[in-house]
Amino acid sequence: MTTTEDVIQREKQFLLQTYNRYPVVIERGKGVFLFDLEGKKYLDFVAGLGVNALGHAHPRIVKAIREQAARAIHLSNLYYNEYQGLLAEKLCALSGLQRAFFSNSGTEAIEGAIKLARLASHRGGGVSKSRLIALEGSYHGRSFGSMSVTGQDKYRKGFEPLLEDVKFVPQNDIQSLRAAVDDHTCAIVLEPIFGEGGIRECSVEFLQKCRALASRFQAALIFDEIQCGLGRTGNIFAFQTFGVTPDIIAIAKPIAAGVPLGAFLAKEEFASAISVGQHGTTFGGGPLACRVALEYLSIVEDEKLLENVVRVGGYLHQQLATLVERYSAALEVRGRGLIQGLQLDIPARLIVEQALTEGVLFNSTQDTVLRFLPPFLLQEKHVDKGIRVLKNLLGKKRKTAKPAMA
């Protein structure tokens, strides 16, 4: 019988050591729960870093995968398959944008979005119109293009030189944004809500100014909704939550319920700049992934999960706010829906490790932020369990509690 130690030692011997994993081997999942090799049950507030929005082993997803795997898993983009066009049509209808391109991941979606923006800008303004504006503290991926617009030195260091002509501005700093955008700008790239960056929202005013400047200088406004999109804010797209429409959107994580798939969507004025052979992918948009993605969108609608995201997300926010009121280790709650963060004044990983022993999975980011990306199936009773564990752990870390607000 395979043991946890067997798995860990084998990985240490044969894998590149790029992950700081927790010493748990997950074997299976059901709904909002996961189970390790020893059969221990965990309440999941991580959801595969936002991928498992439908929880684990959703029966309709399992059925779709089984049926499609028996028909065709991969066909290549040399040929048509019956689901890629249907999925593109659905996403365009939901977003109001006109064209879609399917990739394998969110990082690849960002790469494609940048390529499209530069291509469209060169068509209208020549090769000098190539500058990318990005935000300090942002995260867009680990390939060279996505790292180039990631505003955190820890991800960029050691891999230079990256893409040239990228300028970073502070999030929500309208004055700096105004100074950065000009006739050489081809795109403004941003996450409406920073994910890995600590669950920090762009203000509506800042997003509106991004929209206005992009339009004024004929640049692409690119929203990275890889983590905050596809339902996590309570709307299918995060831009709908903020009321500012981008020219290009990158999406991924939950779209195919764990089957690798990403996409970028674009307005026709940008999409029309690209032609046959200028972009492509081997695996992106295969029949299995696209069929599952269609089922994901159908389940979100049929089970009224967006309403659940709003209701339970509001309850989660309220309960996290009580921790801020009562425990000195908890400083601030940020986010909305089921993408939220709790700012601590202690290392968040310590809380994550201790919660693991209590059968609850949390995630830490930016050293002192607990990040919550639970499945859309989450209920108030699950929030209550997570909060009970946090109260116990925060109480241990800070014996002096803040007085409760009246």
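How many cavities of 30 Å³ or more does the count come to? The count comes to one, and the views below begin there. Keep in mind that this is a predicted model.

**View 1. A look at the largest cavity and its lining.** The volume of this largest cavity is about 40 Å³. Its lining includes His-74, Leu-75, Ser-76 and Asn-77, together with Asn-81 and Gln-84. Thr-282, Phe-283, Gly-284, Gly-285, Gly-286 and Pro-287 also line the largest cavity. Sorted by class, the lining has nine polar residues, three nonpolar ones and no charged ones. Rolling a probe the size of a water molecule over the atoms shows where empty space is left.

**View 2. Helix 14, spanning residues 348-357.** Look for Ala-348, Ile-351, Val-352, Ala-355 and Leu-356, which are buried. Seen down the axis of helix 14, these buried residues fall within an arc of 140°, so they line one face of the helix. After helix 14 comes Gly-359, with a positive phi near 80°.

**View 3. An open sheet of seven strands.** Reading across the sheet, the strand order is 4-12-11-10-7-5-6, and the pairing is mixed. Strand 4 (99-103) and strand 6 (166-169) stand at the edges with a single partner strand each, so one side of each has no neighbour in the sheet. From one strand to the next, the twist averages 20°.

**View 4. Strands 10 and 11 side by side in the sheet.** Here strand 10 (residues 220-224) and strand 11 (residues 248-251) run parallel, joined by three bridges. To find your way, start at Asp-224, which stands opposite Ala-250 in strand 11.

Note on methods
Residues numbered from 1 in each chain as written. Predicted model: local features only at pLDDT ≥ 70, side-chain atom pairs only at ≥ 80, totals over all residues. Heavy atoms only, no water. 1 Å grid on protein atoms, 1.4 Å probe; cavity = no way out; pocket = protein on both sides within 12 Å on 5 of 7 lines; lining within 4 Å. Points joined across faces, edges and corners; volume = space filled by probe spheres on them. Nonpolar A, V, L, I, M, F, W, Y, C, P; charged D, E, K, R; others polar. Buried < 20%, exposed > 50% of the residue type's maximum accessible area, 1.4 Å probe, protein only. Helix = DSSP H or I, 4+ residues; strand = E, 2+ residues; numbered from the N terminus. Arc of directions from axis to C-beta. Pairing = 2+ DSSP bridges. Axes fitted to C-alpha atoms, helices over the stretch in contact; angles between N-to-C directions.
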